[in-house]
Amino acid sequence: MPAVQQPDWQDHPAYAETCEALASAPPLVPPGEVRGFRQALSELASTDGLLLQLGDCAESLYECTPRHTSDKIEVIDRLGDRLSELTGRNVLRVGRMAGQFAKPRSQATEWHDALSIPSFRGHMINSELAAPGTRKADPRRMWWAYEASDRVQRVLRAHREGNRRAARTEGPWSSHEALVVDYESRLIRRDPDTGEHYLASTHLPWVGERTRRSAEAHVALLSTVVNPVGCKIGPDADPDDVLRVCEALDPQRDPGRLVLIPRMGRDRIRESLPPIVRAVVNAGHPVLWLSDPMHGNTVKASVGLKTRHLADVVTEALWFRDILDQQRQHAAGLHIEVAATDVTECVGGSVAGEEDLARHYTSLCDPRLNPGQATELIEAWAKDTATVGPGPRRSGPSARPEVAA
Ligand code: PEP
Ligand code: CO
């Protein structure tokens, strides 16, 4: 099957041994956790709870220490608590972390001082340092990503246990884009209790806008595992394509299995999203709808840096909620890129204008909200969720159909 966005590293002397090491390595996530998380998502679907998924665009291998991880978890919990307090709803938390090390890129190469070099593709593949040698894809990075993910998963696990003991809401769970097929395919494991296959690299893998074709490797891979799975949907998505992905990833129409994540852009969402929601609802897929109001709103600032304007992000998120409300569907929450530190990567709130961006811009890839900007987004989102909320669900085609044996 064709697999787009893959590193060209099969000829590297360490390729075969790295793949073998991954195939025989312990699972990063045990099967019981995947089952528990899936159960929590299906309960969320039936109780109109909320889902908050957030973290770095690209995780750094150098920021996987217990200290970095605790700082990230602290922000996730703080934002989750705020959303819960404002809406009165349970908020399930998911980090873009413990494996978010690979990036799809629109351009394979980029220019640096009249030199064309490969684009940075995430620490699982190459280095962000801009030189031809450091940008060469190195398969050993898959192993470094595995080890770093393991360190982060351990801290997440301890924290989830603490939250559970304190009878706080569940999470944070892990998630990342399942992009590198060499890596993900070697971390599929069999659950000894159920005999089912699951992806042991994370709780919630997703396919991106560039890798969601139903006849391609990424969707095929996720169709073979029982984890809950996500799928990004861009503004040019054809409703029939989305239905094909839904059929591939959720043939049984199971609540809690599929999270659809539209990332349309402020200017496109009102035209692009309604026909997609209608098609998915009519096909009977009980998906969770999550808004990514960031990836369709990236612009190049005058200072040359990529940025996003908080006002655009808020506008898209609110339109998303209105569109779902109008179709009597539950707008389940947000998927956002947020830093744990006070970065100046997006404009709005504490970052007054584009001239302030260079002050503390540390993202390896896309511009993230800082925690204050993320709080503003969450407060705007929560504003009428608490009072209006979703209307009564449409019955008929949107009700869960009987699945033939
Ligand atoms: C991302 O989430 O960082 C990303 C690349 O998203 P998308 O696939 O929606 O472009
Ligand atoms: Co991103």
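**A tour from a hairpin to a ligand**

Select His112 to begin: His112 stands opposite Leu115 in β4. The model is a predicted one, and this pair is a convenient place to start.

Now widen the selection to both strands. β3 covers residues 109-112 and β4 covers residues 115-118. The two strands run antiparallel to each other, paired over 4 bridges. Together β3 and β4 make a hairpin, with 2 residues between them. Pick Asp113 in that turn; its phi is positive, about 45 degrees.

Next, move to ligand 1. Where does ligand 1 sit? It occupies the largest pocket. Select the residues around the ligand: Cys57, Arg96, Lys103, Pro104, Gly208, Glu209, Arg210, Lys232, Arg263, His295 and Glu337. Colour them by class, and this shell divides into 7 charged, 2 polar and 2 nonpolar residues.

Which side chains have an N or O atom to look at beside an oxygen atom of ligand 1? Show Arg96 and Arg263 as sticks. For Arg96, a side-chain N or O atom is 2.8 Å from an oxygen atom of the ligand. For Arg263, the corresponding distance is 2.6 Å. Then add His295, where a polar side-chain atom lies 2.9 Å from an oxygen atom of ligand 1.

Finally, turn on the protein surface around ligand 1. How much of the area that ligand 1 exposes when taken alone does the protein bury? Taken alone, ligand 1 exposes 290 Å², and the protein buries 98% of that area.

Note on methods
Residues are numbered from 1 along each chain as its sequence is written. Chains are lettered from A and ligands numbered from 1 in the order in which they are written. This is a predicted model: local features need pLDDT of at least 70, side-chain atom pairs count only at pLDDT 80 or more; totals for chains, interfaces and linings use all residues. Side-chain values use heavy atoms; hydrogens and water are left out. A residue is near a molecule or strand if one of its heavy atoms lies within 4 Å of it. A polar contact is a pair of N or O atoms within 3.5 Å; within protein, one must be able to donate a hydrogen and the other to accept it, and residues adjacent in sequence count only if both atoms are side-chain atoms. Accessible areas come from the Shrake-Rupley method with a 1.4 Å probe; for residues, only the protein chains shown count as cover. On a 1 Å grid over the protein atoms alone, a cavity is a set of points where a 1.4 Å probe fits but cannot get out, and a pocket is an open set with protein on both sides within 12 Å along at least five of seven lines; lining residues have an atom within 4 Å of a point. A molecule sits in a cavity or pocket if more than half of its atoms lie within 2 Å of its grid points. Ala, Val, Leu, Ile, Met, Phe, Trp, Tyr, Cys and Pro count as nonpolar, Asp, Glu, Lys and Arg as charged, and the others, Gly among them, as polar. Two strands pair if DSSP finds at least two bridges between them.
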